[in-house]
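Dear colleague,

I am passing the structure below on to you, together with notes on what turned up when the side chains were examined. Please read the notes with the coordinates open beside them.

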Amino acid sequence: MGFYQDHIVPYLIHLAMRQRNLVPYRERVVADARGRVLEVGIGSGFNLPFYPPHAQQVIGLDPSAKLLALARRGRRIETPIEFVEGSAEAVPLEANSVDTVVTTWTLCSIPDVHRALGEMRRVLRPGGSLLFVEHGLSPEPKVRKWQDRLTPAWRRVAGGCHLNRPIAELIEAAGFQLERLETGYMRGPKPMTFMYEGRARPR
């Protein structure tokens, strides 16, 4: 599994994140980023072209050196950016040090998602924003059953991705107040395409 996890999984993630139907989500979410921004799970950098001028600095955190190398080679952004190899469960930043945290299709695959969200809240300044778009648990019972059935095998082949995480509940349980939340299916198989998009602030 070592070669698969180290080489094949980053390549598959890169291909999955290239989908054109993800672009409108990226545009909406990233456009609201302001000040000093931490992007958790920056991957190969597909969000970078969408950062607005009022994002003064971007810190891109990711555990995969291979995906960060792709992000460095493909970067096209005037905003100063720093790439950091590291874990979302132990963000290497001081408390109250960023204005915005961005996550896009990241919370599904973090092993300890509760700890990671706690870290995001820790580094956000008072009044800062968590901007997110994630896939997760569907409200439909039949779809939920399929998500639960598929997740154990899916996690093994898709870099730890869970299909059945209740994203909004996780964010609120970590001490955030949801200010905006939009949900619905994207085109594709329902167990894999129920989206949560929104903004939250630390309580």
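Arg28 lies over the face of Tyr25, 5.0 Å from the centre of the ring, and in this predicted model Arg149 is placed over the face of Trp146, also with 5.0 Å to the ring centre. Arg28 takes part in charge pairing as well, since salt bridges with shared partners join Arg28, Arg180, Glu182 and Glu197 into one network.

A search of the whole structure for aromatic pairs returns three. In one of them the ring centres of Tyr25 and Trp105 are 6.0 Å apart with the planes at 80°, and because that angle is over 60 degrees the pair is edge-to-face. This pair links distant parts of the chain, with Tyr25 in helix H2 (residues 23–30) and Trp105, 80 residues away, in the loop between strand S4 (98–104) and helix H4 (113–123). Tyr25 has a relative accessibility of 13% and so counts as buried, and Trp105, at 10%, counts as buried too. Tyr185 and Phe194 also form an edge-to-face pair, at 5.1 Å from centre to centre and with 70° between the planes; Tyr185 is partly exposed at 29%, whereas Phe194 is buried at 6%. Ring pairs link Tyr185, Phe194 and Tyr196 into a cluster.

Turning to the nonpolar interior, the largest core has 31 residues, and those with the most contacts inside it are Leu38, Val101, Leu117, Met120, Leu130 and Ile171. At least two residues of this core come from each of S1, S2, S4, H4, strand S5 (124–135), helix H6 (167–173), strand S6 (176–185) and strand S7 (194–202), and H4 gives the most, with five. Once residues up to four places away in sequence are set aside, Met120 touches Val40, Val101, Thr103, Leu107, Ile110, Leu130 and Phe176. There is also a second, separate core of 22 residues, which includes Tyr25, Ala55, Val102 and Leu131.

Asn47 may be worth a look in the viewer. Asn47 sits in the loop between strand S1 (35–40) and strand S2 (55–62), and with 1% relative accessibility, Asn47 counts as buried. Beyond its neighbours within four places in sequence, Asn47 is in contact with Arg26, Val30, Glu39, Val102 and Thr104, and the side chains of Asn47 and Thr104 are joined by a polar contact of 2.9 Å.

The structure holds eight salt bridges. In one of them, the side chains of Asp32 and Arg199 meet at 3.5 Å, N to O; Asp32 lies in the loop between H2 and S1 and Arg199 in strand S7, so this bridge ties together parts that are 167 residues apart in sequence. Of these partners, Asp32 is partly exposed at 28%, while Arg199 counts as buried at 17%. Glu119 and Arg122, by contrast, both lie in helix H4, three residues or about one turn apart, and their side chains meet at 2.8 Å, N to O. Glu140 forms a salt bridge with Lys190, the closest N and O atoms being 3.0 Å apart, and this pair links the loop between S5 and helix H5 (141–157) with the loop between S6 and S7, 50 residues apart. Glu140, at 30%, is partly exposed, and so is Lys190, at 39%.

With best regards

Definitions and conventions
Residues numbered from 1 in each chain as written. Heavy atoms only, no water. Helix = DSSP H or I, 4+ residues; strand = E, 2+ residues; numbered from the N terminus. Buried < 20%, exposed > 50% of the residue type's maximum accessible area, 1.4 Å probe, protein only. Contact = heavy atoms within 4.5 Å. Polar contact = N/O pair within 3.5 Å; in protein donor to acceptor, adjacent residues only side chain to side chain. Phe/Tyr/Trp six-rings, centres within 6.5 Å; stacked < 30°, edge-to-face > 60°. Lys NZ or Arg CZ within 6 Å of the ring centre and 35° of its normal. Core = buried A, V, L, I, M, F, W, Y, C linked by side-chain atoms within 4.5 Å. Salt bridge = Lys/Arg side-chain N within 4 Å of Asp/Glu carboxyl O.
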